[in-house]
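Here is a short tour to read with the model open beside you. Keep the viewer handy and follow along topic by topic.

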Amino acid sequence: MLWGKGGRGMIATCLAVCALGAPLAAMADSGKGKGSNATASGYVAPDLLDKAKTNPGEKVRVIVTSTYGTSDASSKLRGLGPLSSEKKRLDIVRGVVAELPAALVAKLQGVPGLSVTPDAKMRLAGYGSVQLWPYQSGNASLWKGDTTTYSGKMPAIAIVDSGVENRSDFAGKIRASVNLTSLPGNSAGDGRGHGTFVAGVAAGATEYLAGAAPTAPIVSLDVMDDSGTALTSDVISAAQWILDHKGEYNI
């Protein structure tokens, strides 16, 4: 998404987000599966309801959202008692992240406006690159900087991935580096390498391997551990961070 003034052909380069594979646990269901509760009165993911029956004591991490706002989701969660633990707010989706025994999830079934889904783990998909793409996509025109639409000032590109290593061709271009990873096992910088690759495609300035917009600043939002795994809620938090700071960094 492009905020602020923009020109045709720039949208593809203004926000680069990591290629994420399908969640390991479904975040939403069609409502037609066994045990689902996708009605006007609320929704609880079927696999959570199944777990409540088969293993009620197991702790599960969930995202609870409410059509009535974040505070309502938080209030409904507190109503379950001290065994439920709120981890953080996700205002951009009107919800909260929580850990609670699976048995308590069933009590949220049928609550008006409430949606309860797993805080699913996500994994990086594969990638590849050939140097014909900048010309085919029209991005090669940005290699010398844009002196018309943005008067020489390129918007920053936010990289939501495994972090960005401060290598030589990014020198002075990484305007912010934020760690939003909730999972353990995350190195400083980029312990996986994928985020640095994505940043290179977006704004790399290496000779003969220039990215789409080599003069663009970079904002690194690290949501993945060194195995390439992220929690859905951390990706949502990154989207919230971008929304909150888009003006500050001209994202």
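Across the whole structure, a search turns up one aromatic pair. That pair is W241 with Y249: their ring centres lie 5.7 Å apart and their planes meet at 25°, so the two rings are stacked. Please bear in mind that this is a predicted model. The notes below start with these two rings and then move on to strands, a loop, a helix and charged side chains.

**The aromatic pair**
- W241 is the buried partner, since its relative accessible area is 14%, and buried means under 20%.
- Y249 has a relative accessible area of 24% and is therefore partly exposed.
- Why does the pair of W241 and Y249 count as stacked? Planes under 30 degrees apart count as stacked, and the planes of these two rings are at 25°.

**Strand β5 and its neighbours**
- Strand β5 spans residues 95-101 and is mostly covered, with six of its seven residues buried.
- On one pairing, β5 runs antiparallel to strand β3 (residues 59-66), and seven bridges join the two.
- Within that pairing, V64 has V96 of β5 as its bridge partner.
- Strand β4 (residues 85-90) also runs antiparallel to β5, joined to it by five bridges.
- To find your place in the β4 pairing, look for E86, which stands opposite A98 in β5.
- β4 and β5 together make a hairpin with four residues between them. In its turn, R94 has a positive phi of about 60°.

**A buried loop residue**
- Between β6 (114-118) and β7 (121-123) there is a loop, and A120 is found in it.
- Is A120 buried or exposed? A120 is buried, because its relative accessible area is 2%.
- A120 and V62 are 58 residues apart in sequence, while their C-alpha atoms are 8.0 Å apart in space.

**Helix α6**
- How many of the ten residues of α6 (194-203) are buried? Eight of them are, so the helix is mostly covered.
- The buried residues of α6 include H194, G195, T196 and V198.
- Further along α6, A199, G200, A202 and A203 are buried as well.

**Salt bridges**
- Side chains of opposite charge can pair when their charged atoms come close.
- The count for this model comes to eight salt bridges.
- One of them links K51 to E58, with the closest N and O atoms 3.5 Å apart. Both ends are partly exposed: K51 has 30% relative accessibility, and E58 has 29%.
- R89 and D91 meet through their side chains in another salt bridge, at 3.1 Å from N to O. R89 is partly exposed at 43% relative accessibility, and D91 is partly exposed too, at 42%.
- D169 and R167 form a salt bridge with an N to O distance of 2.5 Å. Here D169 counts as buried because its relative accessibility is 10%, whereas R167 is partly exposed at 32%.
- Beyond these pairs, R61, K87, E99 and D119 are joined into one network by salt bridges that share partners.

Notes: Residues are numbered from 1 along each chain as its sequence is written. This is a predicted model: local features need pLDDT of at least 70, side-chain atom pairs count only at pLDDT 80 or more; totals for chains, interfaces and linings use all residues. Side-chain values use heavy atoms; hydrogens and water are left out. Buried means under 20% relative accessible area, exposed over 50%, partly exposed in between (1.4 Å probe, protein chains only). Two strands pair if DSSP finds at least two bridges between them. Rings of Phe, Tyr and Trp (its six-membered ring) pair if their centres lie within 6.5 Å; planes under 30 degrees apart count as stacked, over 60 as edge-to-face and the rest as tilted. A salt bridge is a side-chain nitrogen of Lys or Arg within 4 Å of a carboxyl oxygen of Asp or Glu.
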